[in-house]
Amino acid sequence: MLKEILSISGKPGLFKLISKGKNIFVAESLIDQKRIPVYSRDKVVSLGDITMYAESGDVRLAQILQSIKQKENGKIISFSPAITPEELRTYFSQVVPDFDRDRVYPSDIKKVMNWYNLLVNYGLTEFEEEEKQESDEKGNDESKNVE
């Protein structure tokens, strides 16, 4: 699911991939459901490809979102837009205890919290399922290559 959710540089919010062409994508905003063209020159990142720095190695965004979901019982995060950097770090340490405090900035934490709220409001709340399916597919592919 997260592979089809996009962050587009210069555009607010998140977008769902609708269709792909040779040099263009069509994406739908999770905020207002408007569809926009996304060209190859635009900087686009799939949420499924994002990781964050931690002391024990990189942590996939899907794992972070799942941890937030468990902490918040599947509800949105209520926080003030004027939340302090220290409050952000305190909250995030409850979700990812060993996150790298030097390389993960408060703006990154706030962005993840906003993304989580957007996904929950849109009805997308299954974050771990995709990883399990991908690992199962890889396992099946490896067994096919062995034969």
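A contact here means heavy atoms within 4.5 Å of each other. Keep that in mind for Leu119, which touches Leu2, Ile5, Leu14, Leu30, Leu47, Leu65, Leu124 and Phe127, leaving aside residues up to four places away in sequence. The structure is a predicted model. The protein has four helices and seven strands.

**Overall layout**
- Along the sequence, the pattern reads β-β-β-β-β-β-β-α-α-α-α.
- The protein has 147 residues, and 35% of them are buried.
- Take the contacts with a separation of 6 or more: residues 24 or more positions apart account for 56% of them.
- About 9,100 Å² of the protein is exposed, and carbon and sulfur atoms supply 47% of that area.

**The sheet**
- Strands of a sheet pair through backbone hydrogen bonds, either parallel or antiparallel.
- In this protein, five strands form an open sheet, and their pairing is antiparallel.
- The strand order is S4-S3-S2-S1-S5.
- Strand S4 (35–39) and strand S5 (44–46) are the edge strands, and each pairs on one side only.
- On average, neighbouring strands of this sheet are turned by 45° against each other, direction ignored.
- Two bridges link S1 and strand S2 (residues 15–20), in the antiparallel sense.
- Leu6 stands opposite Phe15 in S2.

**Helix H3**
- Helix H3 covers residues 106–122, which makes 17 residues.
- From first C-alpha to last, H3 reaches 24 Å, close to the 24 Å expected at 1.5 Å a residue.
- Its buried residues include Pro106, Ile109, Met113, Trp115, Tyr116 and Leu119.
- What do the buried residues of H3 pack against? They pack against strand S1 (5–8), strand S6 (51–52), helix H1 (61–72) and helix H2 (85–95).
- Just after H3 comes Gly123, with a positive phi of about 95°.

**The nonpolar cores**
- The largest nonpolar core has 33 residues.
- Which residues have the most contacts inside this core? They are Leu47, Ile64, Phe92 and Leu119.
- H1, H2 and H3 each supply at least two residues of the core.
- H3 gives the largest share, eight residues.
- A second, separate core has six residues, among them Ile8, Phe15, Leu17 and Val38.

**Putting it together**
- Leu119 links two topics: it is buried in H3, and it is among the residues with the most contacts inside the largest core.
- Leu47 is also among those residues, and Leu119 touches Leu47.
- Phe15 links the sheet to the second core: Phe15 stands opposite Leu6, and Phe15 belongs to the six-residue core.

Terms used: Residues are numbered from 1 along each chain as its sequence is written. This is a predicted model: local features need pLDDT of at least 70, side-chain atom pairs count only at pLDDT 80 or more; totals for chains, interfaces and linings use all residues. Side-chain values use heavy atoms; hydrogens and water are left out. The expected span of a helix is 1.5 Å times one less than its number of residues. Buried means under 20% relative accessible area, exposed over 50%, partly exposed in between (1.4 Å probe, protein chains only). Two strands pair if DSSP finds at least two bridges between them. Axes are lines fitted to C-alpha atoms, for helices over the stretch in contact, and angles run from 0 to 180 degrees between N-to-C directions. A nonpolar core is a set of buried Ala, Val, Leu, Ile, Met, Phe, Trp, Tyr and Cys residues joined through side-chain atoms within 4.5 Å. Accessible areas come from the Shrake-Rupley method with a 1.4 Å probe; for residues, only the protein chains shown count as cover.
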